[in-house]
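Please open the structure in your viewer and keep the selection panel at hand. The tour below goes from one selection to the next and says what is there at each stop.

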Amino acid sequence: MTESASLALRVRAAPFEPGWAVFNRLALRHGCRSRSEFVRQVPLANRDPRNVIHDLERGNRQPDIARLSGIPLETLIHNSITHTDDGSVLAGELISRIGNVGHSCNFARICPDCLRSDIEQCGGPVACRPWRRSWWDVAKISSCPHHGRVLLASCPACGHIFRRSYLSPAHCACGHHVLEERTKLVTPDSRIGDAYLVGRLGGGPRIVHAFLDGLAFADAAEVMQWLGATARWGRSIVAWRHQDLAERAHTMTAGFAVCEAFPRQLEEMLDAMLEACPFARQTPQGVYGAMQKWLGLATQPALDPIRDVVRNHAVKHVPITAATMLFRNPVPMGELTTLGALGKLLGVSPERLVKAASALGMIPPSSRPRTGTVVTKSLKEPLAAFFRKLCSREEACQYLGTTPMVFKTLNIRNHLPRGYRIGGIWYSVADLERFLEALQGDAAFVNRPPPGSATILRAVRICHRASEEIIGGLLQGQIKATGR
Ligand SMILES: [Zn+2]
Ligand SMILES: [Zn+2]
């Protein structure tokens, strides 16, 4: 065994063929029936078949494969999904941040149509003609844009998932010849999503997209997946793992479309989501649902432009309270809030606040106010001022210097300022003040000092009369002051 040893029989290099598949094809070329059989025949540093195959799966045997096949190492690495600290890389594109190892993705998927055309168009021994494309194993790609059909992940005859250990992609381990299979057709209007992704890797014509081209492949695919699902299903989406391959192709195409003319289409989608959301559920989670959750969990800066669009939309259209969370964080801004949230802010029970707001005409009388009623935050100051200057009936009695009986009489005759029915009756201190000033002004005719009385309080002091006399003056029309 020498390090420089290479093989007499070679296979032709094929675009996008991963290293492990080159190895498989070499094994076929040498008439082997399994990879371990081939491992025993070829010069390798470590001959333990289990280690070699394990290493092959992980892409650690590229120098060996380059030496055996005569294909340059850079070409093999370019064509293979390679795991790095940042994630999985293929053709110089970061295809996944978490490693392209999701269990929902089968790593030896095929396109039977592609394999058929290999047999028709390639030279050399027929068994070695069909070759695998590494983009078949990219989790976010579900269909072959060249043939418009979904990829095939498992054998239609025996139901087993295709393994990388199957030397030829044209045969299942059960012996089934998969080249005759016709997989589910992807409708022509659902193809552009996968076509874009394959084109980015260089496996097909490059499709230009103003927004997605600015993102890494992994981010572009993630954006297409999530925005596409949101465009299709709204706030409650069907999980990726529950979408079949044709559905996924459709979703990616929807995502491709939503990102066009960025951010206009996205904003229109958000408007539609707001429209579809019941009034009582208008929170960021209620309106934007799963997408909002995703934008909170996926923290890569590449998604910031989308987060900005959603945040601006939320601030403009969704009531924001102290407890409102957007992308798992409190929202500091926002022009809208709810009456309930304002109540909490002002330390007033929501019911009282709702009544006050409607009594003050801050809410149109036609709407039936509730704590969830959306109002602008500019109402906070006037409402706060209003509640700062309210007093109860007892306090009002004291303020005016009347007994409850006198107060009642004045009230019945509509002389007193209006009371606000907001959970009991409340009077505005400012109104009472104005009433007293009016009394004082109108009662200038009274110049006799008042006789002593238990009820002489402030009002009496101001107009120098006993309360009975004030009532007398009011009733006889000598005093014109009224509260309303
Ligand atoms: Zn194909
Ligand atoms: Zn089978």
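What follows is a walk through the model, beginning with the whole chain and then turning to single places.

Before selecting anything, keep in mind that this is a predicted model. With the whole protein shown as a cartoon, you are looking at 20 helices and twelve strands, and of the 484 residues in the protein 49% are buried. Among the contacts with a separation of 6 or more, 60% are between residues 24 or more positions apart. If you switch to a surface, about 23000 Å² is exposed, and carbon and sulfur atoms supply 54% of that area.

Next, select the zinc ion (ligand 2) together with C155, C158, C172 and C174, whose SG atoms are its protein donors and lie 2.2 to 2.3 Å from the ion. Along the chain these donors follow the spacing C-x2-C-x13-C-x1-C. Why is the arrangement of the four donor atoms called tetrahedral? The angles they subtend around the zinc ion run from 107 to 115°, and four donors count as tetrahedral if all angles lie between 85 and 135 degrees. While these side chains are displayed, turn to C155, which is buried with a relative accessible area of 2%, and then to C158, which is partly exposed at 31%.

Now select residues 284-297, which form helix α11. A straight helix of 14 residues would span 20 Å, whereas the end C-alpha atoms of α11 span only 15 Å. Looking along α11, you will find a kink of about 80° centred on A290. The helix is mostly covered, since eleven of its 14 residues are buried, including Y288, A290, M291 and W294. To see what the buried residues of α11 pack against, add α8 (217-233), α10 (264-276), α12 (304-317) and β6 (325-326) to the view.

From α10, move to the loop between α9 (245-258) and α10, where P263 has its place. The peptide bond from F262 to P263 is cis, with omega near 0°. In the loop between α9 and α10 you can also select A261, a residue other than glycine with a positive phi, near 50°. A261 counts as partly exposed, at 44% relative accessibility.

For the last stop, go to the segment before α1 (19-29) and select F16. Phi of F16 is near 65°, again a positive value in a residue other than glycine. Is F16 buried or exposed? With a relative accessible area of 7%, F16 is buried.

Notes: Residues are numbered from 1 along each chain as its sequence is written. Chains are lettered from A and ligands numbered from 1 in the order in which they are written. This is a predicted model: local features need pLDDT of at least 70, side-chain atom pairs count only at pLDDT 80 or more; totals for chains, interfaces and linings use all residues. Side-chain values use heavy atoms; hydrogens and water are left out. Donors are N, O and S atoms within 2.8 Å of the metal (3.2 Å for Na, K and Ca); water is not among the atoms, so sites may look incomplete. Four donors count as tetrahedral if all angles lie between 85 and 135 degrees; four count as square planar and six as octahedral if opposite donors are over 155 degrees apart and all others between 65 and 115; anything else is irregular. Buried means under 20% relative accessible area, exposed over 50%, partly exposed in between (1.4 Å probe, protein chains only). Helices (H or I, at least four residues) and strands (E, at least two) are DSSP runs, numbered from the N terminus. Contact means heavy atoms within 4.5 Å. Accessible areas come from the Shrake-Rupley method with a 1.4 Å probe; for residues, only the protein chains shown count as cover. The expected span of a helix is 1.5 Å times one less than its number of residues. The bend at a residue is the angle between axes fitted to the seven residues ending there and the seven starting there.
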